[in-house]
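Here is a short briefing on one protein chain. Please look over the sequence and the structure before reading on.

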Amino acid sequence: MIEKINELLRQVEEFSPKAAAEVEEFRIRILGKKGELTALMDEFKSVAPELKRELGQKLNALKNEALQRINTLKEELQNAAADSASQVGDMTRPGTAEELGSRHPISLVKNEIVEVFARLGYTVADGPEIEDDQHVFSSLNFPPEHPARDMQDTFFIEKASSEPSEKDILLRTHTSSIQVRTMEHQKPPIRVICPGRVFRNEAISYRAHCIFHQIEGLYIDEGVSFADMKQSLLYFAKEIFGEQAQIRMRPSYFPFTEPSAEVDVSCNLCGGKGCPVCKGTGWLEIMGCGMVDPNVLKASNIDPEKYSGFAFGMGIERIAMLKYGVKDLRLYFENDVRFLHQFDDAL
C-alpha cells in the first residue's frame, strides 16, 4: 500500500496540465468519490493495527498535497488566461475600423495632371534624378555662360572643371533632361509627359523651395504650331481648375524654346481680386512653354526642317497651391498629419 501511496504522490507532483479542463479531470480521478484516494481509504480499513498510524499520516499528506497542487494549478491557468485576454483585448467589444492614410496632395495633383494629358494622347516618361551636364544643359541649348550653370542655382555632385563638360554630375534642375533622353531613343511623333522631383539651390519660403516637383511635356510631329500648344494648355487649365479658368501668355525666354512664353492662370484663391500669393495681380504663374528650338532637335538628331514641336513645364506644388488653396509651399514637406488628413477624401 505504501508503494501505491508513493506512486500516487509522484503523479500529483509531476502533473502539468495545459488547460483547466485537464485539472478538473485529474481532481476527479484522484479525489473523486470513486477516485484513487478513496480506493486507498477503503483499503486502509483492512491494514494491521500497528501500521495504521504510519499509513494514515501518509494518506493525509497525499490528500493535502493533491488539494494544494490542484488549487495552485487552477490559479496559474486562470492568471495566464487573464493575461492573454488583456493582451488581445476584450473580444466582445465592437470592432473599430483601421485608420487609413491618404495620398499626398503632390501625388494627387500629379496623377490628375497625368490623366488630363493622357486624354490628349501623352504617355509618361521617366529619367534619373542624378544627371550629367549634357542632358540637363548642353543638349537643351544652354550656352556656357548661362547663369543656371552657376553653383548658386545648381547642386553639383561632381564638377570636373570650370568649363561645362559631360563629366559634370549634378542633381537635375528640371525634368527637361527626360525629354532629351526621350528624343535620343525615340523618333517622332513624340508625345510624352515627364513628372519628377527636381533640385535648385534656392532660398526656402512660402512661395519657393530647394526641392520641388515638375511635370514637363513634349510634343514633336510634322506641322505642330504655337496655336496647338495654346489650345492644349487652355484645355489643361480648364480641366484642372474648372471651366471658369482663364490663361494668359506673356513673352519670355528659355534657351531650349523659341518663341517662348510664361503661362498665367487666373488666381482662384482670391477670384482675381489680388492676394499675397498672386502679388495682387489676380494671376499666378504656373508654367513656361514654347516651341522647341531647332538646335535642340538637331542635338538629338531630329530634322528641324521636317519636324516641329512644343514643350512646357510646370511646378506641381504651384498647381496644388491653386487647386487646394494652400498658401505656403513648405507645408508639402513638413509631414504634419493635421495638414495631410485634409486630403483623406481626395482619393
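Helix α5 covers residues 105-118, 14 residues in total. From its first C-alpha to its last the helix reaches 20 Å, close to the 20 Å expected at 1.5 Å a residue. The model is predicted. The points below start from α5 and the nonpolar core, then turn to α8, a helix pair and some backbone details.

**Helix α5 and the loop before it**

- The buried residues of α5 are P105, I106, L108, V109, I113, V114, V116 and F117.
- An α-helix has 3.6 residues a turn, so residues three or four places apart point the same way.
- R103 sits in the loop that links α4 (49-88) to α5.
- Is R103 buried or partly exposed? R103 has 47% relative accessibility and therefore counts as partly exposed, since that class lies between 20% and 50%.
- R103 and I113 are ten residues apart along the chain, and 15 Å separates their C-alpha atoms.

**The nonpolar cores**

- The largest nonpolar core holds 46 residues.
- Which of its members touch the most others? They are I113, F236, F312, M314 and I319.
- Several elements give two or more residues to this core: the helices α5, α8 (226-241), α10 (316-324) and α11 (337-340), and the strands β6 (211-221), β8 (257-266), β9 (283-292) and β10 (308-315).
- Which element supplies the largest share of this core? That is α5, with seven residues.
- M314 touches I113, F117, H213, Q214, I215, F236, I286, M287 and I319, leaving out residues up to four places away in sequence.
- Another core, of 24 residues, lies apart from this one. Its members include L140, V292, V296 and A311.

**Helix α8**

- α8 has 16 residues. Its first and last C-alpha atoms span 22 Å, close to the 22 Å expected at 1.5 Å a residue.
- M229, S232, L233, F236, A237, K238, I240 and F241 are the buried residues of α8.
- What do these buried residues pack against? Their partners are the helices α5 and α10 and the strands β7 (247-254), β8, β9 and β10.
- F236 ties these points together: F236 is buried in α8, and M314 is in contact with F236.
- G242 follows α8, with a positive phi near 110 degrees.

**The α2-α3 pair**

- Helix α2 (residues 20-31) packs with helix α3 (residues 36-44) at an angle of about 10 degrees. Their axes are 4 Å apart.
- The two helices are therefore roughly parallel to each other, because angles under 35 degrees count as such.
- On the α2 side the contact uses R29, I30 and L31, and on the α3 side E36, L37 and T38.
- By residue class, this contact has three nonpolar, one polar and two charged residues.

**Backbone details**

- Most residues other than glycine have a negative phi, and most peptide bonds are trans.
- P188 and P189 are joined by a cis peptide bond, with omega about 5 degrees. P189 is in the loop between α7 (176-185) and β5 (190-199).
- E258 and P259 are also joined by a cis peptide bond, with omega about 0 degrees. P259 is in strand β8.
- N141 has a positive phi, near 70 degrees. N141 belongs to the loop between α6 (133-136) and β3 (156-158). With a relative accessible area of 28%, N141 is partly exposed.
- N301 has a positive phi as well, near 60 degrees.

**The loop between α9 and β10**

- N301 lies in the loop between α9 (294-299) and β10, and I302 is found there too.
- Which of these counts as exposed, and which as buried? N301 is exposed, because its relative accessible area is 64%, over the 50% cut-off. I302 is buried, because its relative accessibility is 3%, under the 20% cut-off.
- Beyond its neighbours within four places in sequence, I302 is in contact with M183, P188, I190, I220, L297 and Y307.
- One of those contacts, P188, is joined to P189 through the cis bond.
- I302 and K187 are 115 residues apart along the chain, with their C-alpha atoms separated by 7.5 Å.

Conventions
Residues are numbered from 1 along each chain as its sequence is written. This is a predicted model: local features need pLDDT of at least 70, side-chain atom pairs count only at pLDDT 80 or more; totals for chains, interfaces and linings use all residues. Side-chain values use heavy atoms; hydrogens and water are left out. The expected span of a helix is 1.5 Å times one less than its number of residues. Buried means under 20% relative accessible area, exposed over 50%, partly exposed in between (1.4 Å probe, protein chains only). Axes are lines fitted to C-alpha atoms, for helices over the stretch in contact, and angles run from 0 to 180 degrees between N-to-C directions. Angles under 35 degrees count as roughly parallel, over 145 as roughly antiparallel, 65 to 115 as roughly perpendicular and the rest as oblique. Contact means heavy atoms within 4.5 Å. Ala, Val, Leu, Ile, Met, Phe, Trp, Tyr, Cys and Pro count as nonpolar, Asp, Glu, Lys and Arg as charged, and the others, Gly among them, as polar. A nonpolar core is a set of buried Ala, Val, Leu, Ile, Met, Phe, Trp, Tyr and Cys residues joined through side-chain atoms within 4.5 Å.
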